[in-house]
Amino acid sequence: HWLYRDVNDLEMSTMSAQTALESYHEVIYKSTCSLSAEQEQQCHIIMGELSLVGGQREDAIKCFHSAISTKGGSERFKVIARDAIYTIKSDRANK
């Protein structure tokens, strides 16, 4: 996604972000592999960021909330997720 964005190909950037989002969704919800709490939080944060690329703000907020509510997770990742939610809500209020 970032490579396409760097060359101003917004269509390919959005499409590659959606593909990546689907892959992370598979890891979180359909994979048989076991993730640590921190790895799960990281996946939710990345999914939130990728959702934002596609303009899916509500889905992004849900992903960030999932990162916050992960049991046994890193406090640092919880702060990152809270900050992301605050930024989304602030941006919405300023429009």
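This tour proceeds through the helices of the model, pair by pair, with stops at selected residues and at the nonpolar cores.

The model is predicted, so local features are given at pLDDT of at least 70 and side-chain atom pairs at pLDDT 80 or more, while totals for chains, interfaces and linings use all residues. Residues are numbered from 1 along each chain as its sequence is written, and side-chain values use heavy atoms, with hydrogens and water left out.

**Stop 1: H2 and H3**

Select residues 10-29, helix H2, together with residues 37-53, helix H3. Helices here are DSSP runs of H or I with at least four residues, numbered from the N terminus. The two pack at an angle of about 150°, and their axes are 9 Å apart. An axis is a line fitted to C-alpha atoms, for helices over the stretch in contact, and the angle, from 0 to 180 degrees, is taken between N-to-C directions. H2 is therefore roughly antiparallel to H3, a term for angles over 145 degrees. Their crossing is left-handed, in that the near helix is turned anticlockwise from the far one by less than a right angle.

Now display the side chains between them. On the H2 side the participants include Ser13, Ala17, Leu21, Tyr24 and Ile28, and on the H3 side they include Glu40, Cys43, Met47 and Leu50. Contact requires heavy atoms within 4.5 Å. The residues of this contact comprise 12 nonpolar, five polar and one charged. In this scheme Ala, Val, Leu, Ile, Met, Phe, Trp, Tyr, Cys and Pro are nonpolar, Asp, Glu, Lys and Arg are charged, and the others, Gly among them, are polar.

**Stop 2: Cysteine 43**

Remain on H3 and select cysteine 43. It is buried, with a relative accessible area of 9%; buried means under 20%, exposed over 50% and partly exposed in between, for a 1.4 Å probe and protein chains only. Leaving out residues up to four places away in sequence, cysteine 43 touches Tyr24, Val27, Ile28 and Leu35. Add cysteine 63 to the selection: the C-alpha atoms of cysteine 43 and cysteine 63 are 8.8 Å apart, with their positions 20 residues apart in sequence.

**Stop 3: H3 and H4**

Keep H3 and add helix H4, residues 57-69. H3 and H4 pack at an angle of about 170°, and their axes are 8 Å apart. The pair is therefore roughly antiparallel, and H3 passes H4 in a left-handed crossing. H3 contributes residues including Gln41, His44, Ile45 and Gly48, whereas H4 contributes residues including Arg57, Ala60, Cys63 and Ala67. The residues of the contact of H3 with H4 are seven nonpolar, five polar and three charged.

**Stop 4: Glutamine 41 and alanine 67**

Select glutamine 41 in H3. Is glutamine 41 buried or exposed? Glutamine 41 is buried, at a relative accessible area of 0%. Neighbours within four places in sequence aside, glutamine 41 contacts Ala67, Thr70, Gly73, Ser74, Phe77 and Lys78.

Move next to alanine 67, in H4. Alanine 67 is also buried, at 0% relative accessibility. With the same exclusion of neighbours within four places, its contacts are Gln41, His44, Ile45, Lys78 and Ala81.

**Stop 5: H4 and H5**

Add helix H5, residues 75-93. H4 and H5 pack at an angle of about 155°, with axes 8 Å apart. H4 is therefore roughly antiparallel to H5, and the crossing is left-handed. Among the residues that meet are Arg57, Ile61, Phe64 and Ile68 in H4 and Lys78, Ala81, Ile85 and Arg92 in H5. The residues of this contact divide into nine nonpolar, one polar and six charged.

Within H5, select glutamate 75. Glutamate 75 is partly exposed, with a relative accessible area of 49%. Its C-alpha atom lies 9.4 Å from that of glutamate 38, which is 37 residues away along the chain.

**Stop 6: The nonpolar cores**

In soluble globular proteins, nonpolar side chains tend to be buried together. A nonpolar core is a set of buried Ala, Val, Leu, Ile, Met, Phe, Trp, Tyr and Cys residues joined through side-chain atoms within 4.5 Å. Which residues make up the largest nonpolar core? Select Ile45, Ala60, Ile61, Phe64, Ala67, Ile68, Phe77, Ala81, Ala84, Ile85 and Ile88, 11 residues in all. H4 and H5 each supply at least two residues of this core. Finally, select Leu21, Ile28, Leu50 and Cys63, which are among the seven residues of another core lying apart from it.

Technical notes
Angles under 35 degrees count as roughly parallel, over 145 as roughly antiparallel, 65 to 115 as roughly perpendicular and the rest as oblique.
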